[in-house]
Amino acid sequence: MKCLGIETSCDETSLAILEGKTCLHEALHTQIPAHAVFGGVVPEIASREHLRLLDALAREVDEDLLHSIDLIAVTRGPGLLGALLVGIAYAKALALSLDVPIIGVHHLHAHLLACELTGEDIVYPAIGLLVSGGHTHIYLMRSAIDFTVLGKTLDDAAGEAFDKVAKLLNLPYPGGKYIDILAADGNILKNTLPRPYIHNDNCDFSFSGLKTAVAQFVQTHNIQPLPYDAFDPATVPNSIKDVCATLNTTIAETLCIKTARAIQAHPEVRSFCVAGGVAANAQVRAHCARLAHTHGLKFFVPSQSYCGDNGAMVAYTGTQVARYGYTSALDFEAIPRGRHVPADYIVNHFFKE
Ligand code: KG4
Ligand code: ZN
């Protein structure tokens with residue numbers, strides 16, 4: 001089964017064609033330079049950029065390959081509404097013209113299923129930790145189409161915490177990656193940043209206070225933000241590298257404390273998956289691998305290139321849903337961030353295995 005996946009939920013325009021786990025075509029255009037000047041994603045610019053880029057990317061696909069696809073998958077949410085609508089409208093039109101079924105894919109589930117693109121299949125049931133720029137969710141994954149939320153952030157996502165601290169320090173946008181780079185040369189300052197919202201018995205997160213804690217620390221210790229125009233890791237003072245190393249570890253530890261609770265509450269789980277943009281972080285990867293090992297779980301994390309948004313994870317998720325005997329009706333809706341993604345697949349036994 002060849003599935004074309006389209007991803008336009010935020011600031012990456014991407015499409016990919018997969019046959020099983022084999023990638024036959026892949027294209028990704030990041031909009032980061034268009035948003036960097038504003039220090040964050042501007043939704044209207046994102047929609048316009050997807051509109052400008054998506055058709056151009058689709059036209060790069062070999063004509064014969066495009067006409068050989070069996071199925072189209074597209075991210076339906078959660079994400080930026082205007083951005084999602086561009087991808088969904090394009091995918092629906094393409095599905096009609098190629099006369100193939102369509103599947104509206106859950107963006108966060110797709111991130112987690114990208115763990116399988118490295119090779120091995122996830123062993124279910126699994127605990128899934130999804131850490132991205134807009135979401136921080138802990139899931140109980142019973143299968144590729146059965147996800148239950150066990151915990152989530154009550155305010156900022158982990159990626160948002162990275163990005164807000166990066167902004168405070170005048171690091172380039174989006175800052176998570178740069179904090180990670182600088183952290184590699186920094187020392188962890190013990191007992192400086194609190195691991196937020198851990199003194200309770202739930203699996204939820206609250207990262208909004210971390211930025212304030214860093215701002216207070218920076219002010220108290222008279223640490224100056226970097227000059228705006230010149231980011232060169234070699235010239236960044238050690239005091240900033242230490243803040244980055246401390247933030248990295250604080251976030252990684254917090255994620256693992258809550259995930260450990262979810263694992264303990266579900267002794268039936270056999271593996272632990274971590275995915276999303278923040279799963280590219282060195283400390284997050286290392287802490288999560290250790291957590292899995294401690295609990296005797298198989299550990300899954302996507303390759304660095306499949307941690308961020310990409311069309312391959314969407315195509316792969318579409319393939320999984322189709323194998324369970326489902327596709328979407330042509331009138332499925334886009335779901336913005338904060339709204340529940342409905343389980344409204346329709347039965348379609350054509351691809352069922
Ligand atoms: O999953 P993603 O690409 O987009 C969303 O769906 O949100 O995640 C983007 C987030 C951004 O907040 C970015 O700063 C963060 O992932 N990120 C990182 C790293 N690479 C990307 N955060 C920490 N360390 C990294 N290496
Ligand atoms: Zn994402």
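**Ligand 1 and the strands E6 to E9 in the predicted model**

Among the 19 residues around ligand 1, those that come nearest are Gly-133, Asp-163, Asp-180, Gly-277 and Asn-281. The structure described here is a predicted model. Three polar contacts of the ligand were examined in turn. In the side chain of Asp-163, an N or O atom lies 2.6 Å from an oxygen atom of ligand 1. The side chain of Asp-180 likewise places an N or O atom 2.9 Å from the ligand, in this case from a nitrogen atom of ligand 1. Gly-277 takes part through its backbone, with an N or O atom 3.0 Å from an oxygen atom of ligand 1. Taken alone, the ligand exposes 550 Å², and 85% of that area is buried by the protein.

The elements that contribute two or more residues to the shell around ligand 1 are helices H5 (107-113), H6 (158-168) and H7 (176-183). Classified by residue type, the shell consists of 11 polar, four nonpolar and four charged residues.

At the level of the whole protein chain, the model has 11 helices and 12 strands. The radius of gyration of the chain is 20 Å, which agrees with the value near 20 Å that a compact globule of 353 residues would have. Along the principal axes, the C-alpha atoms fill a box of roughly 65 × 50 × 30 Å. Of the 353 residues, 56% are buried.

Strand E6, which spans residues 126-131, is mostly covered, with six of its six residues buried. In a regular strand, side chains alternate between the two faces of the sheet. In E6, Ala-126, Gly-128 and Leu-130 point one way, whereas Ile-127, Leu-129 and Val-131 point the other way; the residues of both sets are all buried.

E6 pairs with two strands in opposite senses: antiparallel with E7 and parallel with E9. The pairing of E6 with E7 (residues 136-143) comprises six bridges, and a hairpin of four residues connects the two strands. Within this pairing, Val-131 has Thr-136 of E7 as its bridge partner, while Ala-126 is partnered by Met-141. The pairing of E6 with E9 (residues 271-275) extends over five bridges. In that pairing, Gly-128 of the buried set in E6 has Cys-273 of E9 as its bridge partner.

Strand E7 is in turn largely enclosed by the rest of the structure, because seven of its eight residues are buried. Besides its six bridges to E6, E7 is joined by six bridges to strand E8 (residues 146-152), and this pair also runs antiparallel. Leu-140 of E7 stands opposite Thr-148 of E8. The connection between E7 and E8 is a hairpin of two residues. E7 is therefore bridged to E6 and to E8, with seven of its eight residues buried and the strand largely enclosed.

How values were computed. Residues are numbered from 1 along each chain as its sequence is written. Chains are lettered from A and ligands numbered from 1 in the order in which they are written. This is a predicted model: local features need pLDDT of at least 70, side-chain atom pairs count only at pLDDT 80 or more; totals for chains, interfaces and linings use all residues. Side-chain values use heavy atoms; hydrogens and water are left out. A residue is near a molecule or strand if one of its heavy atoms lies within 4 Å of it. A polar contact is a pair of N or O atoms within 3.5 Å; within protein, one must be able to donate a hydrogen and the other to accept it, and residues adjacent in sequence count only if both atoms are side-chain atoms. Accessible areas come from the Shrake-Rupley method with a 1.4 Å probe; for residues, only the protein chains shown count as cover. Ala, Val, Leu, Ile, Met, Phe, Trp, Tyr, Cys and Pro count as nonpolar, Asp, Glu, Lys and Arg as charged, and the others, Gly among them, as polar. Buried means under 20% relative accessible area, exposed over 50%, partly exposed in between (1.4 Å probe, protein chains only). Two strands pair if DSSP finds at least two bridges between them. The radius of gyration is taken over C-alpha atoms; the globule rule is 2.2 Å times the number of residues to the power 0.38.
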